[in-house]
Amino acid sequence: MEVVIQPDAAAIARLVADEVQSLLAARPDAVLGLATGSSPLAVYDELVRRYEAGVLSLARVRAFMLDEYVGLPDDHPERYRNVIEREFAGRVDLPAGAVQGPDGNAEDLPAACAAYEAAIAAAGGVDLQLLGIGSDGHIAFNEPGSSLASRTRIKTLTSQTRRDNARFFDGDVEAVPRHCLTQGLATIMSARHLVLVATGAGKAEAVHHLVEGPVSAMWPATIMQHHPRATVLVDDAAASRLQ
Ligand code: F6R
């Protein structure tokens, strides 16, 4: 695992955008894995800047999201499909339908999870997976205790994550859904390059476990230590508990 410490989110975003840009130069029809939450926002802004400057095109890219809440109305602004459209896909030349996510409103949720795994496999797998990390060490919505061999499935969000995410729901924890569909840890590990971004002191403990702790389902991101190509980009605050 490569750990890169940078002064701030903007510097991290430039490095991640460089990775995406060189991937797309070599493979314009690459498959990207997209995360929601605040961590990747600076990366999306940097990619949009490069698209607008004409140095980057995503016209042939396909993308898969990590996760989705269960039961939010289709037009809810915090539904992850809508978030990714607003923050990224709708600001670049990704064609309509190029971004897929697990269907959190499907009548048969387990079937939707299986269909999602099949769709990722049919696309040839993810080339570069962007990740954030939760303060409790989750990646996607694989909360502590998640099986290290898990695939896309229904999960219950912990009260910690619901509290963390209440800021996107006008501070109302009760408005945060209790369930989600999420890629499993084994699904994420199948991507060819994992790129995790973490900023701020609130992530310092999780980053410490991710980089220096033993691999454990209690800190799910630690599975990344077994990945042959994992890059962790952190700012000084998120790196503050590293030895
Ligand atoms: C979102 C996701 C989550 C977030 C994590 C960190 O798709 O998969 O694992 O990456 O909760 O959230 P932020 O970036 O908002 O601190």
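Strands here are DSSP runs of at least two residues, numbered from the N terminus. With that in hand, a tour of this predicted model can begin.

The UniProt record, in an unreviewed entry, places the feature "domain: Glucosamine/galactosamine-6-phosphate isomerase" at residues 9-227. Over this stretch, 33% of the chain is helix and 14% is strand. The C-alpha atoms at the two ends of the stretch are 24 Å apart.

Four residues are listed by UniProt, again in an unreviewed entry, under "active site": Asp67, Asp136, His138 and Glu143. Two of them are followed here. Asp67 is part of strand S4, which covers residues 67-69. Is Asp67 buried or exposed? A residue counts as buried when 20 or more other C-beta atoms lie within 10 Å of its own. Asp67 has 22 such neighbours, so Asp67 is buried. Leaving out residues up to four places away in sequence, Asp67 touches Tyr80, Pro102, Ala140, Phe141, Cys180, Leu181, Thr182 and Gln183.

Glu143 sits in the loop between strand S6 (128-131) and strand S7 (153-156). With 22 other C-beta atoms within 10 Å, Glu143 is buried. The contacts of Glu143, not counting residues up to four places away in sequence, are Asp136, His138, Lys155, Leu157, Thr158 and Thr161. Two of these partners, Asp136 and His138, also appear in the "active site" list from UniProt.

The loop between S6 and S7 holds Ala140 too, and Ala140 is one of the residues that Asp67 touches. Ala140 is buried, because 30 other C-beta atoms lie within 10 Å. The backbone has a feature to look for at this point: phi of Ala140 is positive, at about 45°, although the residue is not a glycine. Asp170 also has a positive phi without being a glycine, with a value near 55°. Where does Asp170 lie? Its place is the loop between helix H5 (159-165) and strand S8 (179-182). Asp170 has 8 C-beta neighbours inside 10 Å and therefore counts as exposed.

A ligand is also part of the picture, and 13 residues surround it. The closest are Thr36, Gly37, Ser38, Ser39 and Gly132. By type, this shell divides into five nonpolar residues, seven polar ones and one charged one.

Helix H1 can be checked with a simple sum. The helix runs over residues 9-26, which makes 18 residues, and at 1.5 Å a residue the expected span is 26 Å. The end C-alpha atoms are 26 Å apart, so the model agrees with the expectation. The buried residues of H1 are Ala9, Ile12, Ala13, Val16, Ala17, Val20 and Leu24. Seen down the axis of H1, these buried residues fall within an arc of 130°, so they line one face of the helix. The spacing follows a general rule: an α-helix has 3.6 residues a turn, so residues three or four places apart point the same way. The face of H1 turned away from the buried side carries the exposed residues Asp18, Ser22, Ala25 and Ala26. What covers the buried residues includes strand S1 (2-6), helix H2 (41-52), S6, strand S9 (193-198) and strand S10 (230-235).

Which residues of helix H3 (residues 80-87) are buried? They are Tyr80, Arg81, Val83 and Ile84. Viewed down the axis of H3, they fall within an arc of 160°, so these residues also line one face of their helix. They pack against strand S2 (31-34), strand S3 (62-65), S4 and strand S5 (99-100). Tyr80 of H3 is also among the contacts of Asp67.

Two further residues show how the chain folds back on itself. Glu2 belongs to strand S1 and is exposed, because 9 other C-beta atoms lie within 10 Å. Glu2 and Val211 are 209 residues apart along the chain, yet their C-alpha atoms are separated by 9.2 Å. Apart from neighbours within four places in sequence, Glu2 is in contact with Thr231 and Val232.

Ala106 is found in the loop between S5 and helix H4 (109-122). With 16 other C-beta atoms within 10 Å, Ala106 is partly exposed. Ala106 and Val70 are 36 residues apart in sequence, and their C-alpha atoms are 8.7 Å apart in space. Beyond neighbours within four places in sequence, Ala106 is in contact with Ala111 and Ala112.

How values were computed:
Residues numbered from 1 in each chain as written. Predicted model: local features only at pLDDT ≥ 70, side-chain atom pairs only at ≥ 80, totals over all residues. UniProt positions renumbered as here; feature names shortened; annotations may be inferred. Helix = DSSP H or I, 4+ residues; strand = E, 2+ residues; numbered from the N terminus. Buried ≥ 20, exposed ≤ 12 C-beta atoms within 10 Å, placed from the backbone. Contact = placed C-beta atoms within 7 Å. Near = placed C-beta within 6 Å. Nonpolar A, V, L, I, M, F, W, Y, C, P; charged D, E, K, R; others polar. Expected span 1.5 Å × (residues − 1). Arc of directions from axis to C-beta.
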